[in-house]
Amino acid sequence: ELFVRILQVGAVASGLAALANLTTGIVTSQLRHLGPATVAAYGIAARLEFLIIPLAWGVGSSLTALVGGAVGAGDWARARRTAWLGGTLTFGTTALIGLTVGALPEQFARLFTHDADVVAMAARALRYTGPAFGAFGLGMTMYFAAMGARRMGAPVLAGLARLGIATGGGWLLANGLGGWVGMGPEGHFLGVALGIAAYGVISSAGVRPAVWRAPHSRGGP
């Protein structure tokens, strides 16, 4: 019974981590025809995500335990408050980082390369994706909180939405449809940014009384 309960959260969490990497892999594949400089530039832009993950994990891992304790005590209102306090803290920090990188993209890109073409393309990507990372930090934190509450539906939907928007939406924005002329590489970058934003919005939207409540409760505080 305990093994099944662990897998109900752990297996889903493992799948979501794989889904995030799959999203990055597919977008990278979609950019390959634009040349190595564009692929390298997107790799630099994606590094921002992997730099922010440890920060979100630091807050989120604490929330897993704190939310789990509140849920175990039957105090779902405290579980939701705890999740939102942690999410707000992470959102403020990661939004500041993302906005700073979005405002100074060339300086961030030069931390990884001195190739002028790659720096220029990475800056184009970061101007779109950087400002979205506040939502990413919020979504990651709520994902960890959801593990403590055993309410993984919203994080799963958020991960799938991010995959669909970043890959499908980005492709449409880049290449256009019918008579509409696409945006080129910026379309892919905008799709990635919109996917990140959707991930944060959907993950956090799941932390509400209608979802985070006792299994047989008709309502919630």
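This is a guided tour of a predicted model, moving from the whole chain to single helices and residues.

Because the model is predicted, local features are described only at pLDDT of at least 70 and side-chain atom pairs only at pLDDT 80 or more, whereas totals for chains, interfaces and linings use all residues. Residues are numbered from 1 along each chain as its sequence is written, and side-chain values use heavy atoms, with hydrogens and water left out.

**The whole chain**

Begin with the entire protein in a cartoon view, where you will find eight helices and zero strands, in the order α-α-α-α-α-α-α-α from the N terminus on. Helices here are DSSP runs of H or I with at least four residues, strands would be runs of E with at least two, and the numbering starts from the N terminus. Turned along its principal axes, the set of C-alpha atoms fills a box of roughly 55 × 35 × 30 Å. The radius of gyration is 19 Å, which agrees with the value near 17 Å that a compact globule of 221 residues would have; it is taken over C-alpha atoms, and the globule rule is 2.2 Å times the number of residues to the power 0.38.

Next, colour by accessibility: 47% of the 221 residues count as buried, where buried means under 20% relative accessible area, exposed over 50%, and partly exposed in between, with a 1.4 Å probe and protein chains only. The protein exposes about 10400 Å², of which carbon and sulfur atoms supply 69%, the areas coming from the Shrake-Rupley method with a 1.4 Å probe. Among contacts (heavy atoms within 4.5 Å) between residues at least 6 apart in sequence, 77% join residues at least 24 apart.

**Helix α2 and its partners**

Select Ala37, which sits in helix α2 (residues 36–72) and, at 27% relative accessibility, counts as partly exposed. Leaving out residues up to four places away in sequence, Ala37 touches Asp117, Val118 and Met121. A C-alpha to C-alpha distance drawn from Ala37 to Ala120 should read 9.4 Å, although 83 residues separate the two in sequence.

Then move to Ile44, also found in helix α2, which counts as buried at 7% relative accessibility. Which residues is Ile44 in contact with, leaving aside its neighbours within four places in sequence? The contacts are Phe108, Ala109, Phe112, Thr113, Val118 and Ala122. For Phe108, the C-alpha atom lies 8.7 Å from that of Ile44, across 64 residues of sequence.

**Into helix α6**

Select Ala132 in the loop between α5 (116–129) and α6; with a relative accessible area of 9%, Ala132 is buried. Outside the range of four places in sequence, Ala132 touches Ala193 and Ile196. As a further distance to draw, Ala132 and Trp57 are 75 residues apart in sequence and 18 Å apart in space, C-alpha to C-alpha.

Now select α6 itself, where 17 of its 17 residues are buried. Its end C-alpha atoms are 24 Å apart, which agrees with the 24 Å that 17 residues should span at 1.5 Å a residue, the expected span being 1.5 Å times one less than the number of residues.

**The residue after α6**

Step on to Arg150, in the loop between α6 (133–149) and α7 (153–175). Most residues other than glycine have a negative phi. Arg150, however, has a positive phi, near 55°. With a relative accessible area of 41%, Arg150 is partly exposed.

**Helix α8**

Finish by selecting helix α8 (residues 185–205), whose 21 residues reach 30 Å from first C-alpha to last, close to the 30 Å expected at 1.5 Å a residue. Is α8 largely enclosed or largely open? Helix α8 is largely enclosed by the rest of the structure, because 15 of its 21 residues are buried.
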